[in-house]
Every structure is written in C-alpha cells, then in structure tokens.
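Grab a pencil and work through the exercises below before peeking at the solutions.

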Amino acid sequence: MEFKQLSWFDCTVGQFQDVQDIISQTNITPTDFVLEVGDVFFDLDEDMTDSELRKLKQSISFITKPIICKLNTQNLKSFNKLSIAKFIDLDVLLVSNSFIDALPKVVKLLYDFDDVEDVKLTDVYKAFEDYIKYRSDVYKKYPNLFDTNDDEEEDYDDEEEEEEETKPLDPGSVWMRTIFAITQGDITKYTHVMGLPHILVFNWVSLSESLKTSKQTQIQ
Amino acid sequence: MLKINCNEEVFELRNTPDELTLNEFDQIFSIVNRDGSDNVTKYFDVFEFLKVPDVILDNLSQKEFIEMVESFNDYELSKDVAGEVVVNGRTYKSFESDEFEFKARDISLIEQAQLKEDGHFPSWVMAILFKDVELTNTEHRDWSHIKHKAEQFRKHLTAGEAAPFMVRLVRRQMSELDHATKNVDNGIQAT
C-alpha cells in the first residue's frame with residue numbers, strides 16, 4: 001500500500017478534530033497512535049506490514065508541524081462589523097468549548113457555513129486564529145467593561161471563600177444581564193440592540209460607565 | 001547443556017534455547033532486562049532460577065564466574081523464524097508470505113503487551129505473532145484469546161522458537177530509535 005505525503009492542506013476540519021482527539025489520548029502506544037491517525041486519512045489494510053507502517057508514519061508527519069495558511073476572506077464576515085448578537089454567540093462558544101471543539105462552531109458563524117466538517121482546515125483556520133486575537137484585542141480596548149485581570153484569584157482571602165461556593169454564572173447569562181442593562185429592561189428594544197454593531201454597543205456602554213464613574217467622583 | 005563439576009558431582013545446566021521452555025525464557029528475559037541491577041547480580045539470579053546449587057554459586061571465583069557466564073551464552077541461535085507451530089493439535093502461523101515481516105497491528109499489540117510488565121513478554125509476543133489458522137483477524141487480536149494462547153505457548157513451546165523473534169523485535173526497536181534520533185537531528189539542523 002502506498003501513502004502520499006500529506007500536509008495540513010489535505011486535512012478537513014472534521015479530520016483535524018479527529019486527529020486532535022487522538023493526540024489528547026494518554027494511554028496510547030506509538031504504533032496505535034500512527035494507526036489511529038492513519039485511519040483518519042486512509043482506508044488501512046488490516047494486514048499492513050511494518051514497512052508500510054513506516055511509509056504511513058512519514059505520510060502523516062505533517063501533524064507535528066504548525067498550521068501555516070493564508071486568510072480566506074471569501075464569505076468571511078468583517079470582525080469589526082459583527083453585530084453584538086453574533087459577538088455574544090462567538091464569545092459564548094469560545095468560553096464554553098475547548099479550542100478544538102470551538103473551531104467548527106466559530107468557523108460556521110464566521111463564514112455562514114451549513115456544515116463545516118468537510119471544509120478544508122486551511123481555508124478557515126487563519127480566520128479562527130485571527131478571530132481569537134481580535135476578541136482578545138477588543139477585551140483589552142475596553143478594560144472598564146471586561147475584567148481581564150488573570151491574577152484575581154490570588155487576591156481571594158478567607159472571607160471570600162463563601163462567595164466561591166456560589167455557582168458562577170454561565171457566559172450566556174452574563175451577556176444577558178449586560179443586554180438587560182443596555183436596554184434598561186425594555187424588551188421592545190432587545191431586537192434592535194442585538195442587531196447593532198458590537199463596537200458601537202461597547203463604545204456606548206464604556207461611555208456610560210465612564211460617566212457614572214466621573215459622577216460618583218464629583219459627588220464625593 | 002553445560003556440565004558443572006562440584007564435589008565430585010556433576011550439575012547439568014540447561015543453556016541452549018531448545019532446552020528452555022518458553023515460560024523459563026520469559027523469566028530469564030525478565031531478569032536480564034530488569035532495571036536497577038548490575039549484570040553480575042542478574043546472572044546470579046538467572047543461575048539461581050535455573051536451580052544451580054548454592055554450593056556451586058557460593059564458591060565461584062571471579063574467573064570461574066566469568067567462564068560460566070561465557071559458557072552459558074555460548075550457543076547457536078537460529079536466524080530463521082518459525083513459520084508454523086502446532087500446540088494441542090491446533091496450527092498457528094506467524095506468516096504466510098515468502099518472508100516474515102512484522103505486521104503493523106501486531107506491533108501495536110506488542111507495544112501494549114510491553115506495558116504489562118508481568119515478566120512474560122516473550123510469550124505475549126509469540127501469542128500475538130502466531131495466528132490460529134482457523135480464526136479471523138478480529139478473533140486473533142482479541143486479548144482474551146491472546147492470553148489463552150500465551151498460557152498454552154508457555155507450556156508447550158521453547159525459547160528456541162521465541163528467541164529469533166525476540167532478536168528481530170529488538171533489532172526493529174533499535175532501528176526505530178535510530179530513525180527517531182535522525183529525525184530529531186534533522187529537525188535541529190533545519191532550525
């Protein structure tokens with residue numbers, strides 16, 4: 001059996017996920033690993049020989065290399081024009097899923113795909129990476145809206161232990177509360193607000209927060 | 001068979017692969033490949049396992065011990081691997097083609113057997129490599145079947161049948177290691 005040399009350009013999103021699942025297995029022997037990854041890309045012969053195994057190993061060696069690909073802009077939504085509703089959807093997906101599980105879901109929203117399993121990984125991976133970076137930049141731009149301080153846990157003292165026991169809100173509920181605050185609880189404004197660009201909403205809320213803070217300073 | 005004279009008595013030490021059962025080969029293989037012991041201790045343990053009397057072992061000079069180890073390891077080992085064995089009336093084959101080559105899925109099972117560390121590695125290897133001609137591949141690779149076969153092989157096969165496979169297996173592992181080292185070296189050079 002011959003195996004052609006594969007690269008990330010031959011891999012679909014579904015295959016990428018399968019490979020990552022195999023990589024994350026801890027109790028797998030080296031040959032099992034090669035066979036399982038090989039099974040993702042080829043219809044392997046039950047009686048495959050040792051020399052064929054070597055060829056297979058070479059063929060799938062691309063999985064140890066970084067994924068380097070260009071951004072595919074076709075049908076890709078401009079990140080900065082995303083509505084707040086879309087931004088929230090993406091945010092919830094990224095917070096509640098692992099990097100690998102989030103990939104197809106995020107890509108589906110960014111490109112409006114019906115099914116992303118068979119899409120070439122290299123056609124969408126850069127957009128996924130870029131979006132993660134974009135989201136992180138947005139968080140940094142609005143420090144008064146998003147608490148990005150990772151050291152917060154270290155500040156916990158004994159008195160706060162009780163608070164720890166209360167279950168943290170899921171990301172969807174946090175965003176729901178934010179939207180509730182923006183619409184001032186007026187459900188008739190919900191659809192309108194959710195369609196607004198997220199940047200506009202964040203600017204608005206950020207300004208409102210700043211005004212609140214300066215008012216409080218004046219009162220003091 | 002080695003003959004060791006001691007106090008006018010002769011002790012016969014089985015040392016050629018055909019004189020050792022697969023079960024004994026398992027134990028010797030396990031002692032020789034044990035981590036954390038020096039070779040002298042390992043050989044004393046092997047001789048004790050083969051029931052060399054204490055009166056011999058306790059009175060060996062350094063020179064005599066070295067001669068005994070050299071004689072123990074002085075035997076002809078067949079380079080040819082057995083293609084077929086018959087155990088309890090059942091026929092098992094290790095290959096059907098002209099020449100023996102490890103199968104990828106068998107290597108995978110051998111790697112799993114290696115993790116067992118139960119002192120029976122060679123018999124696991126033999127049970128994995130020899131396929132009952134009347135069974136399917138799925139049945140052949142079922143662990144409960146492999147376990148049953150390994151138990152039978154331990155009783156009925158000898159080290160003479162297992163040793164050539166173990167030599168090939170070790171050679172394969174060395175070559176894999178060499179290949180992996182070359183890949184790492186190439187990677188370092190590329191960066």
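Here come four exercises, each with a worked solution.

This is a predicted model, where local features need pLDDT of at least 70, side-chain atom pairs count only at pLDDT 80 or more, and totals for chains, interfaces and linings use all residues. Residues are numbered from 1 along each chain as its sequence is written, while chains are lettered from A and ligands numbered from 1 in the order in which they are written.

**Exercise 1.** Work out which pattern chain B follows along the sequence.

*Solution.* Start with the elements: helices (H or I, at least four residues) and strands (E, at least two) are DSSP runs, numbered from the N terminus. Chain B has nine helices and five strands. Put them in sequence order and you get β-β-α-α-α-α-β-β-α-α-β-α-α-α.

**Exercise 2.** Describe the box that chain B fills, and how its residues are buried and joined by contacts.

*Solution.* Take the principal axes first: along them, the C-alpha atoms of chain B fill a box of roughly 55 × 55 × 30 Å. Next, burial, with C-beta atoms placed from the backbone: a residue is buried if 20 or more other C-beta atoms lie within 10 Å of its own. By that count, 24% of the 191 residues of chain B are buried. Last, contacts: two residues are in contact if their C-beta atoms, placed from the backbone, lie within 7 Å. Look at contacts in chain B between residues at least 6 apart in sequence, and 64% of them join residues at least 24 apart.

**Exercise 3.** Split each chain into domains and describe how those domains meet.

*Solution.* The bounds come from an automatic or database domain assignment.

- Chain A: domain 1 is 8–64 and domain 2 is 69–147 + 158–220. Their C-alpha centres lie 36 Å apart. Nine residues from domain 1 and 13 residues from domain 2 make the contact. On the domain 1 side, five are nonpolar (Ala, Val, Leu, Ile, Met, Phe, Trp, Tyr, Cys and Pro), four polar and no charged (Asp, Glu, Lys and Arg); the others, Gly among them, count as polar.
- Chain B: domain 1 is 2–72 and domain 2 is 84–190. Here 27 Å separate the C-alpha centres. The contact takes 12 residues from domain 1 and 15 residues from domain 2. The domain 1 side has five nonpolar, four polar and three charged residues.

**Exercise 4.** Find what gives the most to the side of chain B that touches chain A.

*Solution.* Begin with the contact itself: 11 residues come from chain B and 13 residues from chain A. On the chain B side, helix α5 (residues 104–114) gives the most, with six residues. Finally, sort that side of chain B by type: three nonpolar, three polar and five charged.

Terms used:
Buried ≥ 20, exposed ≤ 12 C-beta atoms within 10 Å, placed from the backbone.
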